[in-house]
Amino acid sequence: MTRVRAAAVWAALNLTILAGCDNVEWGGARVAVVPPPPQATTPEEVETGPTEERLPTGQILYYVRQVGTGATLLPLAEIAGDSLRPIEATADWERYGQRFISEHLRQGAEFALFHRGTRVGTFVAQSAGVPAADVCPRVPRATGILELMPGASQVREFLALSKPQAPPEPERRDVPVYVPDRRAQIMAPILAERLLRARGAQLPGNWNQAMAQLQPFPVAGAADPAFASTFLVGDTLGPGLDDEGYALFFIAHPAPQVGFDTAYVDFADYARVGKQAPRVVDFLDWTRDGQPELVLEVYGTRDTWFEALGRTGRRWRPLLSTRCETPAPAAPAAP
């Protein structure tokens, strides 16, 4: 074939292909134009879609509160070793919440209830839903009934784990009670005064009124319990009020010769950071290492959220914060 004839053949082929023909005949030769195969789709994209958000696959820590004759269950975080992963959706809360309910909060699902580190009953889910868009955090939650051991009916709040995943601890016949002893009651204000002086904070006029909570709890390797305490000045332990005053929260471990030594301190000056008043909700060894972790509820002027603390050695560290509202800047303090 001459160069002129070859050029004519390719020109005809190009024109035919552009015209949309699939088959071309030229000089007795038949040329087929085959489109490329469609791009392969991975099984994950077929099953869940490329933008589907991850659901928790490990054990989940829940908070349960009695409401009237029933109770409400709220997921706090996924337990990941000695850390916690928050329950959250970055895009579509409604879809994420419905998938979470289908996986973890189906009707009839049972959850083991714990109070002061001991199993005291069961929560049975009856219904679940995703709260309105103005609820923060917008995690799905369930309502249901409580099946409590004798003596636990007066307990108003619990920590919970899915019953199939809960440790095989038998339910006790008595509800554990941790009452601050005289040493803790004496040492808490002494330690608080040292911590406040070190931060240049105004001391309370009445230490008994300022001590909003004193909660003892067991610690590994010690016969005596440790304690957590909250001191407030210009505030009360609850939501609302204003951004004036401060909150001091600390954990103290029993120590030889000195009695107690501080292992964790959190000081919130409301004039700088806004109201942040914490209290201990409960403690539970959800990592199963012999050392309980703490769940706190923190009160702001407009919102309430949960936090968690875990221990590494003798020191404690934050594990979780469910706060989703950005606090408004506090007004500058008067000179």
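## Close-ups of a predicted model

**View 1. The cavity.** This predicted model holds 1 cavity of 30 Å³ or more. The volume of the largest cavity comes to about 40 Å³. Who lines the largest cavity? Look for Phe-249, Tyr-264, Asp-266, Pro-278, Leu-296, Glu-307 and Leu-309. Two elements each give two or more residues to that lining: strand E13 (259–269) and strand E16 (304–312). Sort the lining residues by character and you get 5 nonpolar, no polar and 2 charged. If you're wondering how empty space gets found at all, rolling a probe the size of a water molecule over the atoms shows where it is left.

**View 2. Thr-230 and its neighbours.** Zoom in on strand E11 (residues 226–233) and you'll find Thr-230 there. Is Thr-230 buried or exposed? Its relative accessibility is 0%, so Thr-230 counts as buried. Leaving aside residues up to four places away in sequence, Thr-230 touches Ala-210, Met-211, Ala-212, Gln-213, Leu-237, Leu-248, Phe-249, Pro-278 and Arg-279. Two of those names, Phe-249 and Pro-278, may ring a bell, because they turn up among the residues that Thr-230 touches and also in the lining of the largest cavity.

**View 3. Helix H4, end to end.** Here's a quick ruler check on helix H4 (residues 182–198). With 17 residues at 1.5 Å a residue, H4 should span 24 Å, and its end C-alpha atoms sit 25 Å apart, which agrees. Just following H4 comes Gly-200, with a positive phi near 65°.

**View 4. The buried side of the story for H4.** Which residues of H4 are buried? They are Ala-184, Met-187, Ala-188, Pro-189, Leu-191, Ala-192, Leu-195 and Leu-196. What covers these buried residues includes helix H5 (207–210), strand E10 (211–217), E11, strand E12 (246–255) and E13. You've met two of these already: E11 is where Thr-230 sits, and E13 helps line the largest cavity.

**View 5. The disulfide.** The structure holds 1 disulfide, and it joins Cys-136 to Cys-324, with an S to S distance of 1.3 Å. The pair links distant parts of the chain, 188 residues apart. Cys-136 lies in the loop between strand E7 (118–129) and strand E8 (141–148), while Cys-324 lies in the segment after strand E17 (315–321). A disulfide, in case you need a reminder, is a covalent bond between the sulfur atoms of two cysteines. How exposed are the partners? Cys-136 has a relative accessible area of 38%, so it is partly exposed. Cys-324, with 43%, is partly exposed too.

Notes:
Residues numbered from 1 in each chain as written. Predicted model: local features only at pLDDT ≥ 70, side-chain atom pairs only at ≥ 80, totals over all residues. Heavy atoms only, no water. Helix = DSSP H or I, 4+ residues; strand = E, 2+ residues; numbered from the N terminus. Buried < 20%, exposed > 50% of the residue type's maximum accessible area, 1.4 Å probe, protein only. Contact = heavy atoms within 4.5 Å. 1 Å grid on protein atoms, 1.4 Å probe; cavity = no way out; pocket = protein on both sides within 12 Å on 5 of 7 lines; lining within 4 Å. Points joined across faces, edges and corners; volume = space filled by probe spheres on them. Nonpolar A, V, L, I, M, F, W, Y, C, P; charged D, E, K, R; others polar. Expected span 1.5 Å × (residues − 1). Disulfide = S-S within 2.5 Å.
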